[in-house]
Amino acid sequence: MNLSQIEAVVARALEELAGGAPTFPIPVEVSARHAHLSEAAFRKLFGQKAALIPRRVLSQPGEFLAEQRVKLAGPKGEISDVAVLGPLRPHTQIELSKTDCRHLGIEAPLRLSGDVSGAADLLVVGGHGCFEATGSAIIPKAHLHLRPQDAAAMEITDGMTVSVAVGGERPTVFKGVVARVSEDFSLALHIDTDEAGACMAAAGSLAYVVAAGSRAEPLAPPARPSRDERRLITESAAIAMVAERGQGEIFLPRAAIVTPSALDVFRAARRQVTRY
Ligand SMILES: [Zn+2]
C-alpha cells in the first residue's frame, strides 16, 4: 500500500469508529476589513447614478466584492482602500479587526455580523462624498458557516457556540465560535485578520470543531500520561488512539512496541508520537 492508500484506509476506519467523521475538516477563510453599505450610504459616497459593480464573487452565495473602495476615518487615523461587499444591505456595517480599531482610535464591540448594537461611529469617504456611519463599526465574531448536512454530521445546531481548532504551524483553539446553519451557506470558518495572525492561517488551512464537554481538547497534551501501559500497539489500537486524541499528539510508554502497521497509521494520520 502506498501512503495515500493508507490514508484512505485510516480515514475510513476513523469514520466507522466514531460513527461519523471525527475530524471534519472546515476550510478557514480570513475576512479582511470591509464595509457593507446601505443604499443611502452608497448614494452619498458614490453619487445618485452609481451602481455597485461586482468584481469577484465570494464563497458565501450571493455575496461579492465590489469594484468600489472606500476610506475610513476615525479620531486617530485613517485607512484607505477598504473593500466594499455587495449586495447593498438595509444597514451600513463596517467590519474591522481590533488592530484596525486601535489605528482609527475607536472602540468597536465584538459582534456577530448583522448585530450592530453598541457599534462604533466612523466617517466613510467615497469617490463622490462622505457618509457619517454612526453605530456601524464592529469587530466580527468568529463564526462557522454550515450547511444542514455538515451541522448534522458534527451534531451542531444553529446558534450553538463551539470551540474550533486550527492546525498548522501555530495550532490555536478559538472558543466562543458561533455556528450558523443555512442551506445557502458553503462550509467555512470565518475569522478576522487578527485571529488569522494568531493561528498563522495560510492558504489551505483547515479547522476542526472540538467536541464540547467530556472529550479532551485535541491540541492539549494530557495533564499526566494515561496509565494505559499497553506494551504492544497494533494497527487497530493505533486507529483507536488517533480517533480518541482528535488532532492531538499521541503519547506512548517508552517501553511500548509499535507494530509497523501501527506506525503507518500514525504517519497517515499525521500525528506526532511522543514517548514518555
Ligand atoms: Zn461569514
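Author: Strands here are DSSP runs of E, at least two residues each, and helices are DSSP runs of H or I, at least four residues each; both are numbered from the N terminus. The model is predicted.

Reader: Which residue in strand β5 has a positive phi although it is not a glycine, and is that residue buried or exposed?

Author: Strand β5 includes a residue that is not a glycine and yet has a phi of about 60 degrees. Its relative accessible area is 51%, and the cut-off for exposed is over 50%, so the residue is exposed. The residue is Asp-81.

Reader: Which peptide bond is cis?

Author: Omega near 0 degrees marks a cis bond leading into a proline. That proline, Pro-87, lies in strand β5, which covers residues 78–89. The cis bond runs from Gly-86 to Pro-87.

Reader: Which residues coordinate the zinc ion?

Author: The donor residues follow the spacing H-x1-H-x44-H in sequence. Strand β10 (residues 143–146) holds one of them, His-145, and strand β13 (residues 188–192) holds another, His-190, so this pair ties together parts that are 45 residues apart in sequence. His-145 and His-190 are both buried. At 2.0 to 2.1 Å, the zinc ion is coordinated by His-143 (NE2), His-145 (NE2) and His-190 (ND1).

Reader: How many lining residues of the largest cavity are charged?

Author: The structure holds one cavity of 30 Å³ or more, and the space in the largest cavity comes to about 40 Å³. Its lining includes Arg-33, Glu-95, Asp-100 and Asp-192, alongside others such as Ser-31, His-34 and Pro-140. By class, the lining divides into three nonpolar residues, four polar ones and, as the number asked for, charged residues: four.

Reader: What is the C-alpha to C-alpha distance in space between Leu-110 and Ser-97?

Author: Ser-97 is one of the residues lining the largest cavity. Leu-110 lies in strand β7 (residues 110–111) and, at 48% relative accessibility, counts as partly exposed. The two residues are 13 apart in sequence, and from C-alpha to C-alpha they are separated by 9.5 Å.

Reader: Is the aromatic pair of Phe-42 and Phe-46 stacked, edge-to-face or tilted?

Author: A search of the whole structure finds one aromatic pair. The ring centres of Phe-42 and Phe-46 are 5.3 Å apart and the planes stand at 35 degrees; planes count as stacked under 30 degrees and as edge-to-face over 60, so the pair is tilted.

Reader: How many residues apart are Phe-42 and Phe-46 in helix α2?

Author: Phe-42 is buried, with a relative accessible area of 1%, and Phe-46 also counts as buried, at 17%. In helix α2 (residues 39–46) the two are separated by about one helical turn, because their spacing in residues is four.

Reader: Which residues of helix α7 are buried?

Author: Helix α7 covers residues 260–268, and its buried residues are Ala-262, Val-265, Phe-266 and Ala-268. Seen down the axis, these buried residues fall within an arc of 170 degrees, so they line one face of the helix. In order, the names are Ala-262, Val-265, Phe-266 and Ala-268.

Reader: Which residue with a positive phi follows α7?

Author: The residue sits in the loop between α7 and β18 (273–275). Its phi is near 55 degrees, although the residue is not a glycine. At 64% relative accessibility it counts as exposed. The residue is Arg-270.

Notes:
Residues numbered from 1 in each chain as written. Predicted model: local features only at pLDDT ≥ 70, side-chain atom pairs only at ≥ 80, totals over all residues. Heavy atoms only, no water. Donors = N, O, S within 2.8 Å, 3.2 Å for Na, K, Ca; no water. Buried < 20%, exposed > 50% of the residue type's maximum accessible area, 1.4 Å probe, protein only. 1 Å grid on protein atoms, 1.4 Å probe; cavity = no way out; pocket = protein on both sides within 12 Å on 5 of 7 lines; lining within 4 Å. Points joined across faces, edges and corners; volume = space filled by probe spheres on them. Nonpolar A, V, L, I, M, F, W, Y, C, P; charged D, E, K, R; others polar. Arc of directions from axis to C-beta. Phe/Tyr/Trp six-rings, centres within 6.5 Å; stacked < 30°, edge-to-face > 60°.
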